[in-house]
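Please walk through the model below with an eye to how individual residues and strands sit among their neighbours. The paragraphs that follow begin with single residues, go on to a strand, and end with a pocket.

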Amino acid sequence: MSDSTLSTVSPNTVSRDTAREAAFTPWSGRHDGDAPGHRRWWQAVRPFTPEAAAAAYDGAQRPAVLLGFASDEGVRRNKGRIGAAHGPAAIRGALSPLAFHLDRHVFDAGDVVVPLGTPDGLGPLEEGQERFGSVLASALDAGALTVGLGGGHETAYASYLGVIGSERAGGSRLGVLNLDAHFDLRDEPRATSGTPFLQMARAEAAEGRALQYAALGISRPGNTRALFDRADELGARYLLDEYTTRATAESFVEDFLADLDAVYLTIDLDVLPAHTAPGVSAPASLGVPLEVIVAVVRRVAASGKLLHADIAELNPSLDVDGRTARVAARLVDTILG
């Protein structure tokens, strides 16, 4: 039996008569009617199969596929505060009651579940990342715009495996844009939530390529000199949080996108101020305002180059009034809108 499991969520398109049953699923909410003008997210999302997603793709508007990575193992190895494994369910819960304005079909592929490892460091993280990548690649190859729901930021390497493993990424000049207070370029003997972009750089180097990596919202006190040096060695572009305004952020993103065919966007919620996103392992002392992050997301989505996006590090056990979950849900809606 596999150490990690794929739990397929069964999203609901139920009427008022079955709303009581729907309350026991991740997708449920207020019912204002079944007509398109009354729809909320819980009424719109359907279970994912590659066949259903492919049938929903008309060549103009890509269907969306959500896929959760319920993992705390990378955070545990990185000595962070665990709880992010419950992030995917919390994001779905915050999305469910939102009004649905999208002009695309949305499917839910469920969660890849990664159990915590043993105290001596053994764990199933790497196998879970492979499984996530496999499901993600199948969704991408069905023509979908995919969104990963983390999970710790070890989600990023799982996403990378899926993007690189898809036929759609073949031959593309691919870039990785990380909205994050941290570089996550740690050099550790095993994968953690702090290593994904160094893992990507090494995987790209093994294929004779250089990782096209940009990080926006980097905290100088949150990253050691060695991490800044590693970013420079890899040719990474970065913008510090203290200099990140809407104007500087949009210019930074435009410059990064200019030489790319496709981009993978990853958002670590600790890029936001602590009062906006308290439910993360490492709340920001400064952070980048939400309106700036939303503007960046809109700019990336409008470029037509967005291949995949994910949102990581939501820890519901540390959240205040579901604030961070609602922010994450709003970002998912923005990515797909």
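Which residues does T276 touch, not counting residues up to four places away in sequence? In this predicted model, T276 touches L290, R323, T324 and V327 once those sequence neighbours are set aside. The place of T276 is in the loop between β9, residues 262-268, and α11, residues 290-302. Its relative accessibility is 12%, and because buried means under 20% relative accessible area, T276 counts as buried.

A second loop residue can be read in the same manner. G123 is placed in the loop between β4, which covers residues 106-114, and α6, which covers residues 125-141. At 35% relative accessibility G123 counts as partly exposed, a class that lies between the limits of under 20% for buried and over 50% for exposed. With residues up to four places away in sequence left out, G123 touches E73, R77 and G117. G123 and G150 are 27 residues apart along the chain, and their C-alpha atoms are separated by 18 Å.

G150 leads on to the strand β5, which is made up of residues 145-150. Is this strand largely enclosed or largely open? Of its 6 residues, 6 are buried, so β5 is largely enclosed by the rest of the structure. The burial applies to both faces of the strand, with L145, V147 and L149 on one side and T146, G148 and G150 on the other, and all of them buried.

The pairing of β5 with other strands adds to this picture. Strand β3, residues 64-71, is joined to β5 by 6 bridges, and the two run parallel; within this pairing, L66 stands opposite V147 in β5. Strand β10, residues 306-312, is joined to β5 by 4 bridges, again with the two strands running parallel, and here G148 stands opposite D310 in β10. Two of the buried residues of β5, V147 and G148, can thus be located by their partners, L66 in the one case and D310 in the other.

The last stop is empty space rather than a chain segment. Rolling a probe the size of a water molecule over the atoms shows where empty space is left. The largest pocket has a volume of about 280 Å³, and its lining consists of 19 residues, of which N78, H182, D184, S193 and A282 lie nearest its centre. By residue class, the lining of the largest pocket divides into 4 nonpolar, 9 polar and 6 charged residues.

Terms used
Residues numbered from 1 in each chain as written. Predicted model: local features only at pLDDT ≥ 70, side-chain atom pairs only at ≥ 80, totals over all residues. Heavy atoms only, no water. 1 Å grid on protein atoms, 1.4 Å probe; cavity = no way out; pocket = protein on both sides within 12 Å on 5 of 7 lines; lining within 4 Å. Points joined across faces, edges and corners; volume = space filled by probe spheres on them. Nonpolar A, V, L, I, M, F, W, Y, C, P; charged D, E, K, R; others polar. Buried < 20%, exposed > 50% of the residue type's maximum accessible area, 1.4 Å probe, protein only. Contact = heavy atoms within 4.5 Å. Pairing = 2+ DSSP bridges.
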